[in-house]
Amino acid sequence: MADTSDTRTPAQIEADIRRRREVLAETLDEIGVRVHPKTVVGDAKAKVVAHVDRTLGRAYVQVNRVISDVGAQFVDEQGAPRAERIVPVALVVVGVVGLLALGSRRRKG
């Protein structure tokens with residue numbers, strides 16, 4: 001059988017009850033703040049922003065890596081441009097731009 005004897009005075013019991021009520025009131029206030037719609041929406045927005053930041057950061061690193069790799073194709077180890085690679089690419093770009101310009105002229109006329 002459980003021992004139900006309590007050696008505390010009524011004043012001590014009341015003080016314990018008062019402390020317990022204060023702790024419960026703080027806990028309920030915390031819960032109220034956490035489940036408030038503005039808090040829930042703010043937390044959701046923060047998670048989305050963090051995810052987007054991570055995704056954009058990864059994309060930025062990937063793009064930088066690709067640009068560095070492409071740039072390395074057009075310069076030698078000393079940093080001098082490689083004409084044997086730049087000239088053909090420039091000719092292709094000029095050709096494509098020329099074709100696009102001719103194509104747009106024919107549609108207008």
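Biologist: How many salt bridges does the structure hold?

Modeller: Keep in mind that this is a predicted model. Side chains of opposite charge can pair when their charged atoms come close. The cut-off here is a Lys or Arg side-chain nitrogen within 4 Å of a carboxyl oxygen of Asp or Glu. On that basis, the number of salt bridges in the structure is four.

Biologist: Which residues do shared partners join into one salt-bridge network?

Modeller: Start with arginine 8, whose side chain meets that of aspartate 16 in a salt bridge at 2.2 Å, N to O. Aspartate 16 also has a salt bridge to arginine 19, again given as 2.2 Å, N to O. At 47% relative accessibility, arginine 19 counts as partly exposed. Through shared partners, the salt bridges make one network of Arg8, Asp16 and Arg19.

Biologist: Why are arginine 19 and aspartate 16 separated by about one helical turn?

Modeller: Both sit in helix 1, which covers residues 10-34. They are about one turn apart because their spacing along that helix is three residues.

Biologist: Is aspartate 16 buried, partly exposed or exposed?

Modeller: Buried would need a relative accessible area under 20%, and exposed one over 50%. Aspartate 16 has 26%, while its partner arginine 8 has 36% and counts as partly exposed. So aspartate 16 is also in the middle class: partly exposed.

Biologist: How far apart are the closest N and O atoms of glutamate 77 and arginine 82?

Modeller: Glutamate 77 is exposed, with 70% relative accessible area. The pair still counts as a salt bridge, because the limit is within 4 Å. For glutamate 77 and arginine 82, the closest N and O atoms are apart by 3.9 Å.

Biologist: What separates the mean positions of the positive and negative charges?

Modeller: The protein chain has 18 positive and 14 negative charges. Take the mean position of each set, and the distance between the two is 16 Å.

Biologist: Which residues form a nonpolar patch on the surface?

Modeller: One member is leucine 28, found in helix 1. Leucine 28 is exposed, at 59% relative accessible area. The patch has about 300 Å² of accessible area together, and its members are Leu28, Ile31 and Val35.

Biologist: In what order do the elements of the protein chain run?

Modeller: There are zero strands to place, and the helices number three. Reading from the N terminus on, you get α-α-α.

Biologist: What is the radius of gyration of the protein chain?

Modeller: The C-alpha atoms fill a box of roughly 100 × 50 × 25 Å along the principal axes. Just 2% of the 109 residues are buried, and the chain exposes about 10,000 Å², with 64% of that from carbon and sulfur atoms. A compact globule of 109 residues would come out near 13 Å, but the protein chain has 36 Å.

Conventions: Residues numbered from 1 in each chain as written. Predicted model: local features only at pLDDT ≥ 70, side-chain atom pairs only at ≥ 80, totals over all residues. Heavy atoms only, no water. Helix = DSSP H or I, 4+ residues; strand = E, 2+ residues; numbered from the N terminus. Rg over C-alpha atoms; globule rule 2.2 N^0.38 Å. Buried < 20%, exposed > 50% of the residue type's maximum accessible area, 1.4 Å probe, protein only. Areas by Shrake-Rupley, 256 points an atom, 1.4 Å probe, with all protein chains shown as cover. Lys, Arg positive; Asp, Glu negative; His and termini not counted. Charge placed at Lys NZ, Arg CZ, Asp CG, Glu CD. Patch = residues over 30% accessible without salt bridge, like charges linked within 9 Å, V, L, I, M, F, W, Y side chains within 5 Å.
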